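Subject: Structure handover

Hi,

Here is the structure I promised to pass on. Please open it next to this email and follow along residue by residue.

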Amino acid sequence: MKIQLLLLAVLLSLLVADAFGDKMRKMKKYHRRHRTTTTTTTESEPEVEESNEDGDKDMFSILQQDEEAEEKKKKAEAEEEEQESKDEPSREVIKDNEIPLHDPCLKKHCGAGRICEVTADGEAECICIPNCPVENDPRRKVCSNHNETWGSDCEVYQMRCWCDKEMDGCKGEEYKHVHIEYYGVCRDMPECTSEEMADFPRRMRDWLFNIMRDLADRQELTPHYLKMEREAETNLTRRWSNAAVWKWCDLDGHPHDNSVSRHELFPIRAPLMALEHCIAPFLDSCDVDDDHRINLKEWGKCLELDQDDLEEKCDELRDD
């Protein structure tokens, strides 16, 4: 029995050895064929075999490509580090001279003919605009209250600023209050008769209410202005007074000083001059004390409205 088992073990060993030897012979045959194929490849075709007869990847080629890619990566990183070291001083300069995130001029309002400039101390200051753009379009010309044609509205406001600051460019003391009468070159205007002037406050009140109503219909009024307009629609006693308050408070721009200057009247004076030749003498008559500013009482008196109600209403508006 033991002899039979021993013979069986010997037989199995021979079979395993024979199979292993056959496998080794096949591998040697493959490597010899692979070397022959490699040496016969010409230099004009440097591509390497990407797969063997069994479809397996050529590991040597893959390893070589990986090594070359790694070398390129290391070289690029070295060059990048060298460049960063060269740029470091310039980065420090940029950091020292970087523009501050907060611009003092953002919250600084300058009137017409003035621009904001940051001083050496970092403070916002309004200065007269140094140069006005050259306007070649004749429609940009304006006529001032001195009956003089100017190249643009910028030139008028610039002159006003120069005279206000008593600068060399000022043409005279009277130009401290120069303002725009209307667009276009100066021309002869018809004289406003006494009858036309007497009827003008009524026509002006009606015009202001119609403008306010149109803006409300187009949803272009603030909630408070819209509330005033709705009240005027249903209350005839408020019909003109609310419209007058709305327009006066709208004209009282920056700063809100409870008065409307002559140049702040520009939005209603200039566009109407060609159609309403009485608008200029009417607005001039509103400035009773001739201080070149119209307060709310003067405005109400001009429009023949109750002054007390106008004052109270405007104060309510400004509290919003």
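**A loop residue to start with**

D287 sits in the loop that runs between α8 (279–286) and β7 (293–294). Keep in mind that this is a predicted model. Is D287 buried or exposed? D287 has a relative accessible area of 4%. Buried means under 20%, so D287 counts as buried. Now look at what surrounds it. Setting aside neighbours within four places in sequence, D287 is in contact with R262, H292, R293, I294 and E298.

**The disulfides**

Next, the cysteines. A disulfide is a covalent bond between the sulfur atoms of two cysteines. How many disulfides does a search of the whole structure find? The search gives eight. Here are some to look up.

Among them is the pair C286 and C302, with 2.0 Å from S to S. This link is left-handed, at -120° about the S-S bond. It connects distant parts of the chain: C286 belongs to helix α8 and C302 to helix α9 (residues 296–302), 16 residues apart. Both cysteines are buried.

Another joins C105 and C116, whose sulfur atoms are 2.1 Å apart. C105 is in the loop between α2 (59–96) and β1 (114–118), while C116 is in strand β1, so the disulfide ties together parts 11 residues apart in sequence. The link is left-handed, with -80° about the S-S bond. The two ends differ in burial. C105 has a relative accessible area of 16%, so it is buried. C116 has 25% relative accessibility, so it counts as partly exposed.

A further pair is C128 and C161, with sulfur atoms 2.0 Å apart. C128 lies in strand β2 (residues 124–128) and C161 in helix α3 (residues 153–164), so this bond ties together parts 33 residues apart in sequence. The link is left-handed, at -85° about the S-S bond. C128 and C161 are both buried.

**Helix α3**

C161 leads us to its helix. Does the length of α3 agree or disagree with what its 12 residues should span? At 1.5 Å a residue, they should span 16 Å. The end C-alpha atoms are 17 Å apart, so the two values agree.

Which residues of α3 are buried? They are C154, V156, Y157, Q158, M159, R160, C161 and C163. The buried residues of α3 pack against β1, β2, β3, β4, β5 and α7 (266–269). After the helix comes E166, which has a positive phi, near 55°.

**The sheet**

Some of those strands form a sheet. Three strands make an open sheet in the order β4-β3-β5, paired antiparallel. Why is one side of β4 and of β5 left without a neighbour in the sheet? β4 (149–150) and β5 (180–183) stand at the edges, and each has a single partner strand, so one side of each is left free of a sheet neighbour. Strand β3 (residues 142–144) and β5 run antiparallel and are joined by three bridges. To find one residue pair, start at V142: its bridge partner in β5 is Y183.

**The salt bridges**

Last, the charged side chains. A search of the whole structure finds 14 salt bridges. Here are a few.

E135 and R140 meet through their side chains, 3.8 Å from N to O. E135 is partly exposed, with 31% relative accessibility. R140 is partly exposed too, with 41%.

R202 and D199 form another, at 3.0 Å from N to O. Where do these two residues lie? Both are in helix α4 (residues 194–217), three residues apart, which is about one turn of the helix. R202 has 41% relative accessibility and counts as partly exposed. D199 is also partly exposed, at 30%.

E229 and R230 are joined by a salt bridge as well, at 2.9 Å from N to O. E229 has a relative accessible area of 0%, so it is buried. R230 is partly exposed, with 39%. Finally, salt bridges that share partners link E181, R269 and D284 into one network.

Best wishes

How values were computed. Residues are numbered from 1 along each chain as its sequence is written. This is a predicted model: local features need pLDDT of at least 70, side-chain atom pairs count only at pLDDT 80 or more; totals for chains, interfaces and linings use all residues. Side-chain values use heavy atoms; hydrogens and water are left out. Helices (H or I, at least four residues) and strands (E, at least two) are DSSP runs, numbered from the N terminus. Buried means under 20% relative accessible area, exposed over 50%, partly exposed in between (1.4 Å probe, protein chains only). Contact means heavy atoms within 4.5 Å. Two strands pair if DSSP finds at least two bridges between them. A disulfide is a pair of cysteine sulfur atoms within 2.5 Å. The expected span of a helix is 1.5 Å times one less than its number of residues. A salt bridge is a side-chain nitrogen of Lys or Arg within 4 Å of a carboxyl oxygen of Asp or Glu.
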